[in-house]
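Here are some short exercises to work through with the model open beside you. Try each task before reading its solution.

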Amino acid sequence: MPDYWDDDRLLGALSQALKARQAVPSWFIETGRNAFAWHNIDAELAQLTYDSHGDRREAAVLRSETASIRALTFTSAHLTLELEVTGNSLLGQLLPPRAGELEIHTRAGQISTTEVDEIGCFSVDPIPDIQFRLRCRTADGTDVLTGWITI
Amino acid sequence: MDDATIDGEILVAERNAALRAAFAALPPRCQQLLSMLISDPPHSYADIHAELGLPVGSIGPQRARCLDRLRQSDALAALGEGGERIDIRGGEPGA
């Protein structure tokens, strides 16, 4: 600690240091907080492996008609989630088919739950209007979390 | 951005982190007082008296005491000789 840091300089430096912290963008803090909220979740992360949205864009040069249904596939080592958007609801199926419970986590922190039937089917209705992710826990103990989804 | 600027920015960032750590380790009364003193726009001693209940005459000595604690803190001591290389008079990093 240099001796020449008198009170005024020290206070000035402190002021700068605290302001520099306030300058961190809020989205940065928000993202960090969200990541932290998930850091101790013991679920497998399912990656988005198919999105008809991207498919359609590529196909646009070849075809003029657009698919009316958006389909998404999330894949993890033990489970695949097939999702289809139809109107206001999201229909899904687990592969291989099995029963379980599905949690819908929105970016705003709300959590709702829906049941997955014996053949692995479920519906999310209505579709959250903000980003959300799905966490699926099956009867046999598989626990899978998807990445964030925006419909 | 040249190397000297980057070095300078790293030193400033280190110093800022040390200052924040030192500040966080201060007693709450000191944190409140110093926060009010460096707020923008600054609070008057009368405001500080009203907010913290400190007699106006003791704000100056209290300020000196709090800054002394800050200066003696482990976080700033750890900054050690590195701190001497930083010109603390300057405003923005690299300026």
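**Exercise 1: two helices across the interface**

Work out how α1(A) and α1(B) are oriented to each other.

Solution. In this predicted model, α1 of chain A (residues 7-22) packs against α1(B) at an angle of about 100°, and the two axes are 9 Å apart. Angles of 65 to 115 degrees count as roughly perpendicular, so α1(A) and α1(B) are roughly perpendicular to each other. Next, list the residues: α1(A) makes the contact with Ala13(A), Leu14(A), Gln16(A), Ala17(A), Leu18(A), Ala20(A) and Arg21(A), while α1(B) uses Arg15(B), Asn16(B), Leu19(B), Arg20(B) and Phe23(B). Sorted by class, the residues of this contact are seven nonpolar, two polar and three charged.

**Exercise 2: the side of chain B that touches chain A**

Find which elements of chain B supply at least two residues each to the side that touches chain A.

Solution. Start with the totals: 15 residues of chain A are in contact with 19 residues of chain B. On chain B, the elements are α1 (3-24), α2 (28-38), α4 (56-72) and α5 (74-79). The largest share, five residues, comes from α1(B). By class, this side of chain B holds twelve nonpolar, two polar and five charged residues.

**Exercise 3: the largest nonpolar core**

Identify the residues with the most contacts inside the largest nonpolar core.

Solution. This core has 17 residues, and those with the most contacts inside it are Leu10(A), Leu14(A), Leu19(B), Ala22(B) and Leu70(B). Two or more residues each come from α1 of chain A and from α1, α2, α4 and α5 of chain B. Now take Leu10(A): beyond its neighbours within four places in sequence, Leu10(A) is in contact with Trp5(A), Leu67(B), Leu70(B) and Arg71(B).

Conventions:
Residues are numbered from 1 along each chain as its sequence is written. Chains are lettered from A and ligands numbered from 1 in the order in which they are written. This is a predicted model: local features need pLDDT of at least 70, side-chain atom pairs count only at pLDDT 80 or more; totals for chains, interfaces and linings use all residues. Two residues are in contact if their C-beta atoms, placed from the backbone, lie within 7 Å. Helices (H or I, at least four residues) and strands (E, at least two) are DSSP runs, numbered from the N terminus. Ala, Val, Leu, Ile, Met, Phe, Trp, Tyr, Cys and Pro count as nonpolar, Asp, Glu, Lys and Arg as charged, and the others, Gly among them, as polar. Axes are lines fitted to C-alpha atoms, for helices over the stretch in contact, and angles run from 0 to 180 degrees between N-to-C directions. Angles under 35 degrees count as roughly parallel, over 145 as roughly antiparallel, 65 to 115 as roughly perpendicular and the rest as oblique. A nonpolar core is a set of buried Ala, Val, Leu, Ile, Met, Phe, Trp, Tyr and Cys residues joined through C-beta atoms within 7 Å. A residue is buried if 20 or more other C-beta atoms lie within 10 Å of its own, exposed if 12 or fewer, and partly exposed in between; C-beta atoms are placed from the backbone.
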